[in-house]
Protein chains: 2
Amino acid sequence: MVSGKSIKDVAKVAGVSISTVSRVLNDSQNVSSELKQKVLDAVQNLGYRSNTIARALKGMPTKTLGLLIPTIENPFFPSMVRGVQDEAHRNGYSVFLCNTDGSRIIEERQFKLLLDKKVDGIILVASKYTTRYLKNGMEFPIVMIDRYVNSPNFSYVTVDHTMGVRLAIEHLYSLGHRKIAFLGSKLLSSGARERFQSYKRYIEEFKMKFDDSLIVLGEYTYESGIKMVEELMKRKVKFDSILCGNDLIAFGVIEGLKNYGIRVPKDVSVVGYDDITFSSYHNPKLTTIRQPTYEVGQMATRIVIDMISGADRRVKHIKIEPSLVIRETTRKRGSEI
Amino acid sequence: MVSGKSIKDVAKVAGVSISTVSRVLNDSQNVSSELKQKVLDAVQNLGYRSNTIARALKGMPTKTLGLLIPTIENPFFPSMVRGVQDEAHRNGYSVFLCNTDGSRIIEERQFKLLLDKKVDGIILVASKYTTRYLKNGMEFPIVMIDRYVNSPNFSYVTVDHTMGVRLAIEHLYSLGHRKIAFLGSKLLSSGARERFQSYKRYIEEFKMKFDDSLIVLGEYTYESGIKMVEELMKRKVKFDSILCGNDLIAFGVIEGLKNYGIRVPKDVSVVGYDDITFSSYHNPKLTTIRQPTYEVGQMATRIVIDMISGADRRVKHIKIEPSLVIRETTRKRGSEI
DNA sequence: ATAATTTTTGAAAACGTTTGCAAGGTGAAG
DNA sequence: CTTCACCTTGCAAACGTTTTCAAAAATTAT
């Protein structure tokens, strides 16, 4: 009842063969307008909906995409996911969402599962394990988002973190800060690496004194943010501002600083990274580097779909520009600790 | 190449018929252990993976679920989604995630699309449109989460908001507050309605003076929270505490209050609702009613899967208990405005 | 007009499974 | 020894499409 009608029923009602029905439903070419109309009417009357499964079995596209992310519970991902979903739906695709939790086993299993389900393409945020199962010769539409493995064989779309970090440091510098601490992630992912290296690069480019002890590496979490300021305080090194690896860390940092009686931005300026939704709800509102995550997801999807349709098969390496959004956690340098 | 091997190849290698292969892959009954082993070996050697599409065409389950939510960008949903995904994956299911944005057109289209894709079951947060396409006689595994339509025909799992609101008011009452304002949603969804009605009920049950002008209804957003305190202030009514319809409103409320020089919790206590991740990162940390959203998603999934497998077809109406989590935005009543 | 060509149509073979049916085997009961 | 029942196995028919091929019809060229 739910499914019911098949192409056969349509054929019978329209008084034509199933091949004809199939043709008007697809090509719509080489079929007389008279028959075409009959078929269309029959389809209408019966409320016929073509069976995706059967088409898929004949090797037709399933109009289905797979999306592999660490976890949707990380507030960084929802808008990216939304970006791919919107673009996908706009083109008639549905998307399987999978959380890998950064586990090799899960990632690989989910990847295979998606292939089994005959998705037309896959979008994924790469991990250090990704290269293990992504064979280079693979003729399958795949694009990486956010984190990627640098390969001429695979497309990716991410954000220009070098620029992001420059924006942040430039801002802090212009505010008079010269002792900028970096509290980031010790992950080896493309994003974490780029941010860390760019920090070092721009500290030097702006002719500030580079100091190892101004750097603490931890995790991309609130709790880690708190821990990292503790570590920083323990070192008794002077700093007038902090660049954080992401917004979550920044929130933790602000909380951690509060525990030492250090006020933001009065005593210390803090800039985050990502601009997740909550950054503008936080108190004080977070100055941060905005990653256009929605656009990243959207563009990645645009690319897979082009690969699938054959409209454009070239591998693309895209870095979208981030922007600085100034709110309340940074201000002109005054006192120093 | 990606797919390649079929049951036919396995049959050839194992020296048996395809029916036999199919049988060991499914029933595993009525086939001699000798042949069974041969087949299993062949499967192993060839790296054969059964073709989901072909099985689906024969009416076998697709091991696929559909999940329909308003939008993943609402921080209330990610952990609920995670709950269903985890339970789904644990049982070998993949899940299609769809955002409806509360639009009738989209919701209905996505629902049909899921049916077309032959999902085995659907989990959805109901809207006022849901009843339009959900026919009562429908023999299809569906369960609603969070918001629901009250029907003996459909299962749902949600949270006991009556209890949630009682918890909140009880807490505020015990702190000495007697003028509790309610800033909630004007939505007609089950959740919004219950919260509002329970507010009225418990204000009276605790013998506090019920006052219409302590109530403002808006949207479930930060911005609306700000607007609602403005409205409240305009009314010049006295209040010593505020119960918010959700956490997002609460954040807005705290910000809005700040604009009037009113401090939380020193001057006014604020209680949120939901306990989204950020509530514990917010400054001050939000006292709120925790909805166990992960469990809601998980349990809903458990139920659909049971319906699918036939293990348990009964319709279930489940309300999970929320809890009060006391943090920094409430305190014993002192001054009053 | 007829022949040559093109267009429109339908029959039938796939795609990779599951499964009803019947054939062959094996063992127990008569 | 038969007979009967049951277990194991394979053949072939589905499931709902797309698509090749050839026939039929329509069009154009001669």
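**DNA strand D and the chain A sheet**

Biologist: In this predicted model, how far does a backbone N or O atom of A:Ile7 lie from a phosphate oxygen of DNA strand D?

Modeller: The contact pairs a backbone N or O atom of A:Ile7 with a phosphate oxygen of DNA strand D. In chain B, a backbone N or O atom of B:Ser32 likewise lies 2.7 Å from a phosphate oxygen of this strand. For A:Ile7, the separation is 2.7 Å.

Biologist: Which element gives the most to the surface near DNA strand D?

Modeller: The strand is surrounded by 26 residues, the closest including A:Ser22 and B:Arg23. At least two residues each come from α2 (18-25) and α4 (52-57) of chain A and from α2 (18-25) of chain B. With four residues, the element that gives the most is α2(A).

Biologist: What share of the atoms of DNA strand D within 4 Å of the protein do sugar and phosphate account for?

Modeller: Bases are also contacted: a base oxygen is 3.4 Å from an N or O atom in the side chain of A:Lys58. Among the strand atoms that come within 4 Å of the protein, the sugar and phosphate share is 58%.

Biologist: Which strands are the edges of the six-stranded open sheet of chain A?

Modeller: The sheet has mixed pairing and the order β7-β6-β8-β9-β10-β12. Within it, β9 (residues 269-274) and β10 (residues 287-290) of chain A pair in the parallel sense over four bridges. An edge strand pairs on one side only, as is the case for β7 (215-218) and β12 (323-325) of chain A.

Key: Residues are numbered from 1 along each chain as its sequence is written. Chains are lettered from A and ligands numbered from 1 in the order in which they are written. This is a predicted model: local features need pLDDT of at least 70, side-chain atom pairs count only at pLDDT 80 or more; totals for chains, interfaces and linings use all residues. Side-chain values use heavy atoms; hydrogens and water are left out. Two strands pair if DSSP finds at least two bridges between them. A residue is near a molecule or strand if one of its heavy atoms lies within 4 Å of it. A polar contact is a pair of N or O atoms within 3.5 Å; within protein, one must be able to donate a hydrogen and the other to accept it, and residues adjacent in sequence count only if both atoms are side-chain atoms.
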